[in-house]
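Dear colleague,

Please find below the structure that I am handing over to you, together with its sequence. My findings follow underneath.

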Amino acid sequence: MKRIYRRMLYFVVVVVLVLVVWHQVSFKNDKYKKYYPNINFSSIITPHELFETSIVESKRESKIILLFTTHFYSKVWKGLDVLNGYTQRQKCKVKECVITYDKNAIKKADLVVFHGVDFTYKNFTSKHFQAMSKLRPVNQRWIFWMHETPLYYPLLDDYDNLFNWTMTFSQHSDIYHPYFSYARLTDADRENMPEDDFNYASYKQKKVVWMVSHCGMTRANYVAELQKYTDITVYGLCGADFDKMGGICSYNEKECELELRQYKFYLSFENSFCEDYVTEKYFKYGLQYGLLPIVMGAKYDDMNSIPGSYIDVSKFSSIKELGDYINYLDSDDSAYNRYFEWKKHFKVTDGIDKICMLCHALHRKNQHEKTYKQFHSFWSVQNLCNPFEKVRNSLEQQIALSKLENKKKTKSKNIDKN
């Protein structure tokens with residue numbers, strides 16, 4: 001009888017322990033469920049698909065595109081050393097364009113392209129442009145092209161009444177041209193895909209990595225607090241400012257890429273909180289290297305980033321909460337792999353070729369006359385960056401609160417020791 005009683009008691013204890021563990025796991029899962037990506041990938045319209053739907057003229061005459069300025073102070077633009085037959089080689093949807101560097105074409109070009117970074121270099125000044133504009137043909141369009149932000153290139157001179165179009169990282173540009181983009185997988189892409197149940201955590205032994213060369217700013221202060229809750233290795237010139245330094249790692253070194261691929265998470269923290277400013281920090285060092293990006297920037301949506309592929313720091317109420325979630329994903333491969341479901345549907349691309357986009361724009365139907373009468377109403381910190389200062393301010397508050405909490409903990413520990 002006693003033996004039966006002991007067995008029953010043992011059984012009850014085991015059941016209770018199982019229920020307790022199950023409840024703890026279930027509670028943990030429910031706690032983090034609100035952060036899980038829950039995406040209907042079939043309903044997503046990619047930037048490439050959106051571009052393909054735009055209507056162009058059926059009968060097209062060849063247009064001339066003049067690359068007027070230098071490109072990062074080089075006469076030859078990157079990737080544009082051979083201009084003859086360029087649109088054919090790139091398989092542009094619209095190919096009826098001729099590209100030239102010849103400034104004599106200014107009198108007949110349909111589109112003149114100005115690279116904003118090179119303004120003030122040599123004769124590329126607003127005074128020069130204003131004088132040129134008085135001589136240009138009536139139907140000629142001028143376009144301002146820029147990948148950097150107005151925080152670093154504010155263009156303080158007079159550029160009013162010059163440009164008809166803009167081509168930048170902002171979706172409010174006339175031509176939206178992000179650093180990278182994404183497209184739907186083709187049948188050929190699917191042939192090289194791993195198995196559906198592939199574990200993207202299986203080959204990664206390390207947790208969080210950040211590569212940074214510009215120290216200070218909100219992002220550095222945030223990382224300094226985040227490292228108190230989870231393990232972070234910092235590479236680059238700023239690594240010495242943090243608890244765990246990974247060494248100087250060059251962005252373009254193959255050894256550096258192999259090192260980064262050992263980590264599960266990459267801190268894709270932008271240096272500017274400007275609209276749609278999403279760079280290689282997210283697309284290359286995060287997605288293309290196979291890490292899960294933890295992003296910090298102005299805003300992320302279906303056009304400037306891949307849905308379900310990242311963790312946004314602004315969605316967490318505290319730095320500790322993010323640190324706890326990172327640790328949770330690190331301990332649960334199933335939860336971690338949710339962030340790689342996108343790979344069954346999409347692929348990262350270099351974006352649509354800029355010349356293809358320009359040629360396409362020149363042949364669009366129903367073109368409307370347009371001139372930026374006050375250029376700063378578009379290209380300015382006030383327009384593209386300041387509206388998102390609330391994101392930065394919220395993160396600064398989290399940093400301050402985290403510092404205060406950790407200061408209290410340290411003080412309490414010291415009291416206990418005494």
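How many cavities of 30 Å³ or more does the structure hold? The model, which is a predicted one, holds one such cavity.

**Cavity and pocket**

The largest cavity contains about 30 Å³ of space. Its lining is made up of Met217, Thr218, Arg219, Glu270, Asn271, Phe273 and Arg392. By character, the residues of this lining are two nonpolar, two polar and three charged. Helix H6 (residues 217-226) makes the greatest contribution to the lining of the largest cavity, with three residues.

The largest pocket, for its part, holds about 1100 Å³ of space. Its lining comprises 37 residues, and those nearest the centre of the pocket are Lys78, His147, Glu148, Tyr179 and Glu280. Two or more residues of the lining come from each of strand S8 (206-211), S11 and H8. The lining of the largest pocket divides into 18 nonpolar, 11 polar and eight charged residues.

**Disulfides**

A search of the whole structure returned four disulfides; I describe three of them here, beginning with Cys92 and Cys356.

The sulfur atoms of Cys92 and Cys356 are 1.8 Å apart. This disulfide is left-handed, because the torsion about its S-S bond is about -70 degrees. It joins distant parts of the chain: Cys92 belongs to the loop between helix H3 (86-89) and strand S2 (97-100), whereas Cys356 lies in helix H11 (residues 354-362), 264 residues apart. Both Cys92 and Cys356 are buried.

Helix H11 also takes part in the disulfide of Cys97 and Cys359. In this pair the sulfur atoms are 2.2 Å apart, and with 100 degrees about the S-S bond the link is right-handed. Cys97 is in strand S2 and Cys359 in helix H11, so that this pair, too, links distant parts of the chain, at 262 residues apart. Are Cys97 and Cys359 buried or exposed? Buried means a relative accessible area under 20%; Cys97 has 9% and is therefore buried, and Cys359, at 0%, counts as buried as well.

Cys274 and Cys385 form a further disulfide, with their sulfur atoms 2.0 Å apart. The link of Cys274 and Cys385 is right-handed, with 95 degrees about the S-S bond. Its two ends lie in loops, 111 residues apart: Cys274 between strand S11 (263-269) and helix H8 (280-288), and Cys385 between helix H12 (381-384) and helix H13 (389-417). Cys274 and Cys385 are both buried.

**The surroundings of Thr87**

Thr87 is part of helix H3. With a relative accessibility of 1%, Thr87 is counted as buried. Leaving aside residues up to four places away in sequence, Thr87 touches Cys92, Val94, Lys95, Cys97, Ile99 and Ile355. Two of these neighbours have been met above: Cys92 as the disulfide partner of Cys356, and Cys97 as that of Cys359. Which backbone oxygen lies 2.8 Å from a polar atom of the side chain of Thr87? It is the backbone oxygen of Lys95. Lys264, by contrast, is 39 Å from Thr87 in space, C-alpha to C-alpha, and 177 residues from it in sequence.

With kind regards

Terms used. Residues numbered from 1 in each chain as written. Predicted model: local features only at pLDDT ≥ 70, side-chain atom pairs only at ≥ 80, totals over all residues. Heavy atoms only, no water. Disulfide = S-S within 2.5 Å. Helix = DSSP H or I, 4+ residues; strand = E, 2+ residues; numbered from the N terminus. Buried < 20%, exposed > 50% of the residue type's maximum accessible area, 1.4 Å probe, protein only. 1 Å grid on protein atoms, 1.4 Å probe; cavity = no way out; pocket = protein on both sides within 12 Å on 5 of 7 lines; lining within 4 Å. Points joined across faces, edges and corners; volume = space filled by probe spheres on them. Nonpolar A, V, L, I, M, F, W, Y, C, P; charged D, E, K, R; others polar. Contact = heavy atoms within 4.5 Å. Polar contact = N/O pair within 3.5 Å; in protein donor to acceptor, adjacent residues only side chain to side chain.
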